[in-house]
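Please examine the sequence and the structure shown here. The paragraphs that follow lead through selected parts of the chain, one after another.

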Amino acid sequence: MPINFIKFHGLGNDYIVIESDQLNAVSDLGDFAKRICNRHYGAGSDGIAIVGEPAHPEADFNVRIFNPDGSEANLSGNGTRCAVAYLYYQGLWTAERLKLSTRSGLKRYLLLNRDGGKFLFESDLGEPGFTPASIPMDVDPSLAHVVGYPLTMGDETFLVTAVQVGNPVCCIFVNDFDELDWRRIGKELEVHPQFPQRTNVVFVRVDDRDKIELRIWERGVGETTASGSCSCGGALASMLNNRTDGDVRVITEGGEVKVKWDGSQVVITGTAEVVYAGKWLS
């Protein structure tokens, strides 16, 4: 039977959203994600978001995120935002606030604005983790924060700041994105042995106390124009290194989001927009 889906994007970071009951006949969701995410032989996307019945007593819906390499993500800031936009777009939810259960716990969304198929949400992604065990990262377990840590890769050493924001994020500060081959470095650091669950790799240029710019190598995806969790990770790393204040504009190749951290919850404000609806026939 055909599988109905709708594709959304958050600043160019695109996700195919599917209701879970459409996938009852699919035995291997990882393999399915590989096929439908393929940009030449499939629909093409940075991942799929599967929405269904809540997996938490306080949640309204549940979402599972799969990467193009078939792995299941703990969280995707843009992927979950696209999933929430789907629920509003399809008329499955109309209240101003929505709670979503994920592999990284309960996340909260506030609809700030809707213009046709474009939605603006404030998303509460929870409390970040900073200890090596929470990231996880194989360094001295007594460290309270992984800030300015000298990470060796072959004959190169990078000073990194690592955080957990639903996904592990490893950040490197740069003055200019052209000063290093960030795509090569990101690809190699993603699978660095000191990150037992792999990691997102974010290259951060600080423009001023309330604005940063990123280049992103996403775990299980590769180079991407935007990432909600990576935007939060880059912002947190900048705050931890006292390079910015607690309310930051984050610029990626896809556009801009806002990230706030008050020492407790991380809040990101950004858009999700419908692209097209389709039927998977394969």
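At a relative accessibility of 43%, D140 counts as partly exposed, because this value lies between the limits of 20% for buried and 50% for exposed residues. As throughout this text, the description refers to a predicted model. D140 is located in the loop that runs between β8 (118-124) and β9 (146-153). Its side chain makes a polar contact with the side chain of S142, at 2.8 Å. D140 and L281 are 141 residues apart in sequence, and their C-alpha atoms are 50 Å apart in space.

We turn next to strand β1, which comprises residues 3-10. Six of its eight residues are buried, so the strand is largely enclosed by the rest of the structure. β1 pairs with strand β17 (residues 266-280) in the antiparallel sense, over seven bridges; in this pairing, I3 has W280 as its bridge partner. β1 also pairs in the antiparallel sense with strand β2 (residues 13-19), over five bridges, and here G10 is matched with N13. Two residues lie between the strands in the hairpin of β1 and β2, where L11 takes a positive phi near 60°.

The aromatic residues come next. The whole structure contains 10 aromatic pairs. One of them joins F32 and W280 in an edge-to-face arrangement, with 6.2 Å from centre to centre and 90° between the planes. This pair links distant parts of the chain, since F32 belongs to helix α1 (residues 29-37) and W280 to strand β17, 248 residues apart. Both F32 and W280 are buried. The rings of F119 and F121 have planes at 10° and centres 6.0 Å apart, so this pair is stacked. F119 is buried, with a relative accessible area of 1%, and F121 is buried at 0%. In addition, F8, Y86 and Y89 form one aromatic cluster.

Aromatic rings also have charged neighbours. R215 lies over the face of F177, at 4.3 Å from the ring centre, while R243 lies over the face of F173, at 4.1 Å from the ring centre.

How many disulfides are found in the whole structure? The search finds zero. A disulfide requires two cysteine sulfur atoms within 2.5 Å. The cysteine sulfur closest to that of C170 is in C171, 6.7 Å away, which is too far for a bond. For C230, the closest cysteine sulfur is likewise in C171, at 7.8 Å, and is also too far for a bond. C170 is buried, with a relative accessible area of 0%, and C230 is buried with a relative accessible area of 0%.

Conventions
Residues are numbered from 1 along each chain as its sequence is written. This is a predicted model: local features need pLDDT of at least 70, side-chain atom pairs count only at pLDDT 80 or more; totals for chains, interfaces and linings use all residues. Side-chain values use heavy atoms; hydrogens and water are left out. Helices (H or I, at least four residues) and strands (E, at least two) are DSSP runs, numbered from the N terminus. Buried means under 20% relative accessible area, exposed over 50%, partly exposed in between (1.4 Å probe, protein chains only). A polar contact is a pair of N or O atoms within 3.5 Å; within protein, one must be able to donate a hydrogen and the other to accept it, and residues adjacent in sequence count only if both atoms are side-chain atoms. Two strands pair if DSSP finds at least two bridges between them. Rings of Phe, Tyr and Trp (its six-membered ring) pair if their centres lie within 6.5 Å; planes under 30 degrees apart count as stacked, over 60 as edge-to-face and the rest as tilted. A charge sits over a ring if NZ of Lys or CZ of Arg is within 6 Å of the ring centre and within 35 degrees of the ring normal.
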